[in-house]
Amino acid sequence: MAVDNIRDRYQAAGHDHLFTFWSTLEESERKSLSRQLETLDVDRVNRIYKKAIASEKEAATDPEPIEPLPVEACESIVNDSPSEKTWSSQGLQAIARGEVGVLLMAGGQGTRLGSSAPKGCYDIGLPSHKSLFQYQAERIARLQVVAEKECNKAAGSVVVPWYVMTSGPTRRETEAFFTKNKFFGLSSKNVVFFEQGTLPCLTAEGKIMLENTSRIAVAPDGNGGLYAATRTPLSESSNSTVLSDLTDRGILYVHAYCVDNCLVKVADPVFLGYCISKQADCAAKVVPKASSSEAVGVVARRGEKFSVVEYSEISKEQAELRNAKTGELAFNAANIANHFYTTSYLKSVKSFEDDLAFHIARKKIPTVDLKTGKAIKPSEPNGMKLELFVFDVFPFTKRFAVLEVARNEEFSPLKNAPGSGADNPETSRRDLLAQHKRFLERAGAQVKGGVEIELSPCVSYAGEGLEFVKGKTFTKSGYVENPEELDALF
């Protein structure tokens, strides 16, 4: 598109200030800025800004009532639901039929952990020193084998494709990490990388900000950007998208989760089977809150619709409210960013995406003085970043379901630096090794005090396949890559 046409478009949208320094730019800088401006849908940015401001004002002046999740809206497997085996079987059958895909949100860097690498590359200190990416890849590999055995399929015939959402800063390094590690045993054709989108940073008045004289200031559009990202071409040379790939493969159901949970059951057949049996379009997996004061969002009702309510939106009295029948906290369904979708539902998001209100985060954004061209490093918030959250689609879901699972089996987030006390590499390591100990004990073995045994996901996905240890006592610590290696730890 000619520069004059781009300028006219931005002038009509109220953003012609982005050309303030055009006459002073080098040719290479002009080309870079024009490419950035040409690919940006400036009218969409204006719509997003107006909707976000209006929604923020409405929430402040006329908030919808917040109510606990109705008891009948959620089922639980915390205390061994009799339906768990049935759901697991249904899920494994769907996997064996090639109807299940996995969507991983992995755009973040390990900045809080003291690492500039993608968070999925992080080693939490296990004996094996496997990364989060490797653990999740090997769970997929093991689950494919489990589904083959359960459903009498030929070895190597079951495939669960893995769609890995990166971000601009992490895509190249993530792909290089997978390539270097030979995709952790998975076929590269079944691992699809795609990229989370960005949005311009805006002033309080909704004007697009410049990072410098020749570049717009941008920021990731939040984990809810995955919906638009699934419609975006996978590369400049391809028209294929995540949604088209799901369709081409015949994928009907998608499990989505965040990379920073070392206990995540990737493509969990129980969750899949539960959602399929409920004919859910979209669903959330939750864990009971650790306490009434835990700083975590909860799945609840906002007005007439399902929603995730942030802890800051709930009063102390509401947080401490208990269900008269169960004695549990009324607002107890802690959101863990672990979701189910049908492929048809993911395709439908585009139809109501303009109704989704982005969230405003007021930040200190490095920019440039439009009068002098000098760099500005603000000491106070001077602009806003706009984010959509993955759960923002919940209120638009016709058939929504919630499954409560045990925290110690499925949720140990990696958020904070080593030595910080909570949700850090040490707690992740502790929780994963404690789970492996339970796997062995449930199979009938004893594990001596102080003994730590790490079981590769290739050995067991969720405790299955360990029947041969019944009656054994483990006295030595170690890492086990295949079942036979357990013999050395008796």
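When I talk about a helix axis today, I mean a line fitted to C-alpha atoms, taken for helices over the stretch in contact. Hi everyone, and please keep in mind that what we have here is a predicted model.

Let's start with two helices. Helix α1 covers residues 3-12 and helix α2 covers residues 27-39; their axes come within 10 Å and cross at roughly 55°. That makes α1 and α2 oblique to each other. If you look at the handedness, α1 passes α2 in a left-handed crossing. Which residues in α1 and α2 meet? From α1 we have I6, R9 and Y10, and they meet S34, L37 and E38 in α2. Sorted by character, the residues of this contact of α1 with α2 divide into 3 nonpolar, 1 polar and 2 charged.

Now for the aromatic rings. A pair of aromatic rings is described by the distance of the centres and the angle of the planes. With ring centres within 6.5 Å as the cut-off, the count comes to 20 aromatic pairs. Take Y227 and Y341: their ring centres are 5.9 Å apart and their planes stand at 90°, so this pair is edge-to-face. Y227 sits in helix α7, residues 226-229, while Y341 sits in strand β14, residues 333-342, so the pair ties together parts that are 114 residues apart in sequence. Are Y227 and Y341 buried or exposed? Both Y227 and Y341 are buried.

Y341 has another ring pairing to show you. With Y345, Y341 forms a stacked aromatic pair, at 6.2 Å centre to centre and with 10° between the planes. Y345 is buried, just as Y341 is. Elsewhere, ring pairs link F133, W162, F177, F178, F183, F184 and F193 into a cluster.

Next, let's visit some single residues, beginning with P169. You will find P169 in the loop between β4 (162-166) and α6 (171-180). Its relative accessibility is 57%, and therefore P169 counts as exposed. Along the chain P169 and N190 are 21 residues apart, and their C-alpha atoms are separated by 23 Å.

K265 is in a loop too, the one between β10 (253-258) and α9 (269-277). Why does K265 count as buried? The cut-off for buried is under 20% relative accessible area, and K265 has 18% relative accessibility, so K265 counts as buried. Setting aside neighbours within four places in sequence, K265 is in contact with H255, E409, E410, Y461 and A462.

Our next stop is T343, in helix α11, which spans residues 343-352. T343 has 5% relative accessibility and so counts as buried. What does T343 touch, not counting residues up to four places away in sequence? The list for T343 is L246, I251, L252, Y253 and V254.

Finally, meet L143, a residue of helix α5, which runs over residues 132-150. At 1% relative accessibility, L143 counts as buried. Beyond its neighbours within four places in sequence, L143 is in contact with L92, I95, V266, A267, P269 and Y461. You may remember Y461 from the contacts of K265. As for distance, L143 and V159 are 16 residues apart along the chain, and their C-alpha atoms are separated by 9.4 Å.

That's my tour, and thanks for listening!

Definitions and conventions:
Residues numbered from 1 in each chain as written. Predicted model: local features only at pLDDT ≥ 70, side-chain atom pairs only at ≥ 80, totals over all residues. Heavy atoms only, no water. Axes fitted to C-alpha atoms, helices over the stretch in contact; angles between N-to-C directions. Helix = DSSP H or I, 4+ residues; strand = E, 2+ residues; numbered from the N terminus. Parallel < 35°, antiparallel > 145°, perpendicular 65-115°, else oblique. Left-handed = near helix turned anticlockwise from the far one by under 90°. Contact = heavy atoms within 4.5 Å. Nonpolar A, V, L, I, M, F, W, Y, C, P; charged D, E, K, R; others polar. Phe/Tyr/Trp six-rings, centres within 6.5 Å; stacked < 30°, edge-to-face > 60°. Buried < 20%, exposed > 50% of the residue type's maximum accessible area, 1.4 Å probe, protein only.
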